[in-house]
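Reader: I am new to this structure and would like to understand how its descriptions are justified. Could you take me through the reasoning step by step?

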Protein chains: 2
Amino acid sequence: MPKLWDDTIDAHRHAVREATLDATAALVAERGLTGVTMSEIAKRTGMGRATLYKYFPDVETILVAWHERQVGNHLQQLVGIRDRTGRLEDVLEAYALICHAHPTAEPAASLHRAEHVARARQHLVDFLAELLTEADVRDDVPPKELAAYCVHALAAAGAVPSKAAVRRLVAVTLAGLRGQVDR
Amino acid sequence: MPKLWDDTIDAHRHAVREATLDATAALVAERGLTGVTMSEIAKRTGMGRATLYKYFPDVETILVAWHERQVGNHLQQLVGIRDRTGRLEDVLEAYALICHAHPTAEPAASLHRAEHVARARQHLVDFLAELLTEADVRDDVPPKELAAYCVHALAAAGAVPSKAAVRRLVAVTLAGLRGQVDR
C-alpha cells in the first residue's frame, strides 16, 4: 500500500516540521533570534540532534521557515479581520499593531532580506490594493500606490512608544488615504 | 613649526579621504556596491594599494564612509531647501525623490544596518519634527510622530515606477499630515 505509506510519511514530516517551528517560536520569544541553536531546538522537541539535521540543514533554514510561517499567519489574521468586519480601519489598525509588536530589530534584518518576505510583502500590497478599490478613499491615486503607501507608513508603528501612538498613526495614514482637507 | 606641520598632515589626510570617497562613488555608480574593490579604488585615485591600506583597513570601511558622506549630503540638501523656500511640501518632495533615486536595494541593506544610518535617520526625524512644529498641519498628533510617519511613508517612493507617482505619494502623505477630510 504505497499510497497509504506516503500519506503517513507526509503526515509525519509535517508534524516534525510544526513541532520544530513551535520550539523555535518559543526559543525566539525567550532568547531572541541569535539565541536559537540546533541543540536547543532538538532538546525542546525531544528529537535527537541527528534526527533534526535530517529535516533541516542548519539553524538559519529553521529561522527562515519559522519566519515564513509567522508572516503567513499575520496575513491570515488580516484576511480574517477583513472577512469579519469589512472595515479598512480595522485592517490597517491590525497591521499597525503587528508592526508595533514586531519592530524590525537588528538581527531580524537578515531574515527580512529573505525571498519569502518580498513575496509576503507583495501579497500584502495586493490584498490592501483590493480592499482599497472597494473602500471610501481618494480616487486620484491608483489603489496599488495607496497600498504601498499604507504598508510603508504603518511600519512606523515599529518605532512608536505606545498603542495610543499606533492609533494616531493609523488616523494620520487614513487621512492620507481619504484626501486633502481644505484649510 | 609643529602646528603648521600638523595642519599640512590634516589637509593631506582630508584630501586623500575625499579622493578615495569620490573614486568609490564613481565605482558604486558604475558597478554597484559589490563591484567595488581596494585595487580598483587605488587605481582610480592614483595611489598605490599599500598607501590606500594605510588609510582604510578594508573596502567595507570605505563603503560605510562613502555612504555616511552620501547620507550627510542628502540631509544638507533638505536643509538647503528649507532655508530657500521654507515650504514643507518642497522638503517632503525632495526627500521622496531621494528615496526614489536610491531604493534600498539588496546589497545596500548591510550598509543600512550601520550605526551612522540610525543616527542620520534620527537627525532627519528631528529636522522634520522641527519643520512640522511651524507648518500648517494637524495638532492632534505630536510633531515627532508626524515626522516618523513622513519618513516611513515617503520611503515608499523607492518602490514606485515614476516621478509622477512620487508626487502622488507626497500629496497623499501631506493629506495625512493635514488631517481628515469629511466625506
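**From values to descriptions**

Author: Let us begin with residues 37-56 of chain A, whose end C-alpha atoms lie 12 Å apart and which are 75% helix and 0% strand in this predicted model.

Reader: What makes residues 37-56 of chain A a feature with a name?

Author: The name comes from a record: an unreviewed UniProt entry places the feature "DNA-binding region" at these residues of chain A. Such annotations may be inferred rather than shown by experiment, so the name should be taken as the record's statement. The same kind of source, again an unreviewed UniProt entry, gives the annotation "domain: HTH tetR-type" to residues 14-74 of chain A. That span is 80% helix and 0% strand, with its end C-alpha atoms 20 Å apart.

Reader: What pattern does chain A follow along the sequence?

Author: Chain A has 9 helices and 0 strands, and read along the sequence the pattern is α-α-α-α-α-α-α-α-α.

Reader: Why is the contact between A:Glu40 and A:Arg44 called a salt bridge?

Author: The distance from N to O between these side chains is 3.8 Å, and the rule asks for a side-chain nitrogen of Lys or Arg within 4 Å of a carboxyl oxygen of Asp or Glu, so the pair of A:Glu40 and A:Arg44 qualifies. Both residues lie in helix 2 (residues 38-45) of chain A, 4 residues apart, which is about one turn of the helix. Over all chains, a search of the whole structure finds 28 salt bridges.

Reader: How many salt bridges does the rule find across the interface of chain A and chain B?

Author: The rule finds 2 salt bridges there. One of them joins B:Glu145 and A:Arg168, and because the closest N and O atoms are 2.8 Å apart, within the limit of 4 Å, this pair also meets the definition. Helix 8 (143-154) and helix 9 (163-178) of chain A each supply at least two residues of the side that touches chain B, and the largest share, 10 residues, comes from helix 9. That side of chain A divides into 17 nonpolar, 5 polar and 9 charged residues.

Reader: How do you know what each chain brings to the contact, and what area is buried?

Author: Counting residues, the contact takes 31 from chain A and 31 from chain B. Between them the two chains bury about 2800 Å², 59% of it on carbon and sulfur atoms.

Reader: How does the radius of gyration of chain A stand against that of a compact globule?

Author: Chain A has 20 Å, whereas a compact globule of 183 residues would have a radius of gyration near 16 Å. The C-alpha trace of chain A spans about 70 × 40 × 25 Å along its principal axes.

Technical notes: Residues are numbered from 1 along each chain as its sequence is written. Chains are lettered from A and ligands numbered from 1 in the order in which they are written. Side-chain values use heavy atoms; hydrogens and water are left out. Contact means heavy atoms within 4.5 Å. Buried area is the accessible area (1.4 Å probe) that two parts lose on being put together, summed over both. Ala, Val, Leu, Ile, Met, Phe, Trp, Tyr, Cys and Pro count as nonpolar, Asp, Glu, Lys and Arg as charged, and the others, Gly among them, as polar. The radius of gyration is taken over C-alpha atoms; the globule rule is 2.2 Å times the number of residues to the power 0.38.
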